[in-house]
Amino acid sequence: MKITENPDKEIVASVKEGLIRTGGYCPCRVERSEKNKCMCEEFRNQIKDPDFEGFCHCMLYYKSK
């Protein structure tokens, strides 16, 4: 398993700018709660799933098997 940033630098820059603006919360989500703090709970759970391969919700990180 390996976690990497999205190879698309425009997406990475946009999401990171959003993270700064929101104080570290996923800029793609309205609710500001600990479960939406980057790395969000949804992606942390996907990381635990041995069958999951793909991007997090905001497309910043990619999990490969």
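**A three-stranded sheet, a nonpolar core and one cavity**

A hairpin is a convenient place to start: strands E2 and E3 form it, with five residues between them, and Met59 in the turn has a positive phi of about 75°. The model described here is a predicted one. Strand E2 covers residues 54–55, and its pairing with E3 is antiparallel, over two bridges. Within this pairing, Gly54 has Lys63 of E3 as its bridge partner, while Phe55 stands opposite Tyr62 in E3.

Strand E3 also has a partner in E1. Residues 2–5 make up E1 and residues 61–64 make up E3; the two strands run antiparallel and are joined by four bridges. One of the residues involved is Thr4, whose bridge partner in E3 is Tyr62. Taken together, the three strands build an open sheet in the order E1-E3-E2, with antiparallel pairing. E1 and E2 are the edge strands, each pairing on one side only. In a regular strand, side chains alternate between the two faces of the sheet.

Lys2 gives a view of the edge strand E1, in which it lies. Is Lys2 buried or exposed? With a relative accessibility of 52%, Lys2 counts as exposed, because the cut-off for that class is over 50%. Apart from neighbours within four places in sequence, Lys2 is in contact with Tyr62, Lys63 and Ser64. Its C-alpha atom is separated by 10 Å from that of Tyr61, a residue 59 places away along the chain.

The loop that follows E1 holds a residue with a contrasting setting. Asn6 lies between E1 and helix H1, which spans 9–22. Asn6 has a relative accessible area of 4%, so it counts as buried, the limit being under 20%. What does the side chain of Asn6 reach? It comes to 2.8 Å from the backbone nitrogen of Asp8. A polar atom of the Asn6 side chain also lies 2.9 Å from the backbone oxygen of Met59, the residue with positive phi in the hairpin turn. Leaving out residues up to four places away in sequence, Asn6 touches Ile11, Val12, Phe55, Met59 and Leu60.

Attention now turns to the interior. In soluble globular proteins, nonpolar side chains tend to be buried together. Here, the largest nonpolar core has twelve residues: Val12, Val15, Leu19, Cys26, Cys40, Phe43, Ile47, Phe52, Cys56, Cys58, Leu60 and Tyr61. Two or more residues of this core come from each of two elements, H1 and helix H2 (41–48). The greatest contribution is that of H1, with three residues. Cys56, a member of the core, touches Phe43, Gln46 and Tyr61 when residues up to four places away in sequence are not counted.

How many cavities of 30 Å³ or more does the structure hold? There is one, and the largest cavity contains about 60 Å³ of space. The residues that line it are Cys26, Asn36, Cys38, Met39, Cys40, Phe43, Cys56, His57, Cys58 and Tyr61. Among them, Asn36 and Tyr61 are described in turn below.

Asn36 is placed in the loop between H1 and H2. Its relative accessible area is 6%, which means that Asn36 is buried, since the limit is under 20%. The side chain of Asn36 reaches the backbone oxygen of Glu31 at 3.0 Å. Beyond its neighbours up to four places away in sequence, Asn36 touches Gly24, Tyr25, Cys26, Arg29 and Glu31. Cys26, which also lines the cavity, is ten residues from Asn36 along the chain, and the C-alpha atoms of the two are separated by 5.6 Å.

Tyr61 belongs to strand E3, and its name appears both in the nonpolar core and in the cavity lining. Which residues are in contact with Tyr61, leaving aside neighbours within four places in sequence? They are Ile3, Thr4, Glu5, Cys38, Met39, Phe43, Gly54, Phe55 and Cys56. Of these contacts, Met39 is 22 residues away from Tyr61 in sequence, with a C-alpha to C-alpha distance of 8.6 Å. Tyr61 thus links the topics of this description: the strand E3, the core and the cavity.

Terms used. Residues are numbered from 1 along each chain as its sequence is written. This is a predicted model: local features need pLDDT of at least 70, side-chain atom pairs count only at pLDDT 80 or more; totals for chains, interfaces and linings use all residues. Side-chain values use heavy atoms; hydrogens and water are left out. Two strands pair if DSSP finds at least two bridges between them. Buried means under 20% relative accessible area, exposed over 50%, partly exposed in between (1.4 Å probe, protein chains only). A polar contact is a pair of N or O atoms within 3.5 Å; within protein, one must be able to donate a hydrogen and the other to accept it, and residues adjacent in sequence count only if both atoms are side-chain atoms. Contact means heavy atoms within 4.5 Å. A nonpolar core is a set of buried Ala, Val, Leu, Ile, Met, Phe, Trp, Tyr and Cys residues joined through side-chain atoms within 4.5 Å. On a 1 Å grid over the protein atoms alone, a cavity is a set of points where a 1.4 Å probe fits but cannot get out, and a pocket is an open set with protein on both sides within 12 Å along at least five of seven lines; lining residues have an atom within 4 Å of a point. Grid points are joined across faces, edges and corners, and a volume is the space filled by probe spheres set on the points.
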